[in-house]
Amino acid sequence: MLTNQTRNPLSVEATKRHLELETPVISTRVERLYDDVFGVGRRHKASYTFRDSIAQSRDLSWVAYEEGELAGAIRYWPIAVGPSKRPALLLGPLAVASHRAGRGLGSLLMIKTLNLAARLGHSMILLVGDPGFYRRFGFLPASPWGFSMPGETRPERLQLLPLRQGQLTCGGEIERVQPVSATVLAWRHQPVPAGRR
Ligand SMILES: CC(C)(COP(=O)(O)OP(=O)(O)OC[C@H]1O[C@@H](n2cnc3c(N)ncnc32)[C@H](O)[C@@H]1OP(=O)(O)O)[C@@H](O)C(=O)NCCC(=O)NCCS
């Protein structure tokens, strides 16, 4: 079971915060949070190649509320790896609103979803991000193990977390899974009612 080595987000000022599954109703607000944190240019990153028109893993996409405000969010996406197209997960984006950062919310979202992914039987998680943050959750540099993401210009940021034995020995290139129809994706673009932003 993963725990936070540096603080316990479940106990530190925890009474005014909680996690929920991301629902279609709040997805536009989550997109806005990601835009605020990463900028709208985020969509040009190589990792978005593996998200565009792909349905996110709904059971692993969670949001964090603090004092009633949407304060953080994490998403996961199905990907395929290597010539045998082994199923894996792509983590991201993970973001916490800047004025809520540094108080354990990002770690809370990570611990919750990593444990859930393991319980759901997933084999491996990959992401592109700052190693200094993700190392504490067990992520390793992925390139030395033969994993690569087409289009990623900073391969040292590609990291992986094996959730089952034997995953490190079968590196390969990350591939998109089959896209879903526009109808299925429509819920992600519902307008946010005024006053709920
Ligand atoms: C990265 C992020 C999700 C972390 O969430 P958070 O709620 O602020 O993090 P927590 O409070 O759980 O953990 C804070 C710890 O993470 C570290 N940390 C935060 N961002 C970091 C980064 N980009 N690189 C390395 N370490 C980082 C802090 O130094 C702190 O370390 P400490 O516990 O040793 O003091 C959040 O700060 C964020 O959205 N940042 C903007 C986006 C970003 O920089 N992403 C980089 C990762 S891809």
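Which residues are buried in α2? Let's start there, and keep in mind that what we're looking at is a predicted model.

So, α2. The buried ones are Leu 105, Gly 106, Ser 107, Leu 108, Leu 109, Met 110, Thr 113, Leu 114 and Ala 117. And what sits over them? The cover includes β1 (17–21), β2 (62–66), β3 (69–81), β4 and β5 (124–128). As for the helix itself, α2 is 15 residues long and spans 21 Å from first C-alpha to last, close to the 21 Å you'd expect at 1.5 Å a residue. Just past the end of α2, have a look at Gly 121, where phi is positive, about 90°.

Okay, on to the ligand. There are 16 residues around it, and the ones that come nearest are Ala 101, Gly 106, Ser 107, Gly 129 and Gly 132. Three elements each give two or more residues to that shell: β4 (86–96), α2 (105–119) and α3 (131–134). You'll recognise Gly 106 and Ser 107 from the buried list in α2. By class, the shell splits into seven nonpolar, seven polar and two charged residues.

Last stop, Glu 173. You'll find Glu 173 in the loop between β7 (158–162) and β8 (174–175). Is Glu 173 buried or exposed? Somewhere in between: Glu 173 counts as partly exposed because 13 other C-beta atoms lie within 10 Å. Leaving out residues up to four places away in sequence, Glu 173 touches Gly 82, Ser 148 and Pro 150. And then there's Val 81: 92 residues away from Glu 173 in sequence, yet 5.6 Å away in space, C-alpha to C-alpha.

That's my tour, thanks.

Technical notes
Residues are numbered from 1 along each chain as its sequence is written. This is a predicted model: local features need pLDDT of at least 70, side-chain atom pairs count only at pLDDT 80 or more; totals for chains, interfaces and linings use all residues. A residue is near a molecule or strand if its C-beta atom, placed from the backbone, lies within 6 Å of it. Helices (H or I, at least four residues) and strands (E, at least two) are DSSP runs, numbered from the N terminus. Ala, Val, Leu, Ile, Met, Phe, Trp, Tyr, Cys and Pro count as nonpolar, Asp, Glu, Lys and Arg as charged, and the others, Gly among them, as polar. A residue is buried if 20 or more other C-beta atoms lie within 10 Å of its own, exposed if 12 or fewer, and partly exposed in between; C-beta atoms are placed from the backbone. Two residues are in contact if their C-beta atoms, placed from the backbone, lie within 7 Å. The expected span of a helix is 1.5 Å times one less than its number of residues.
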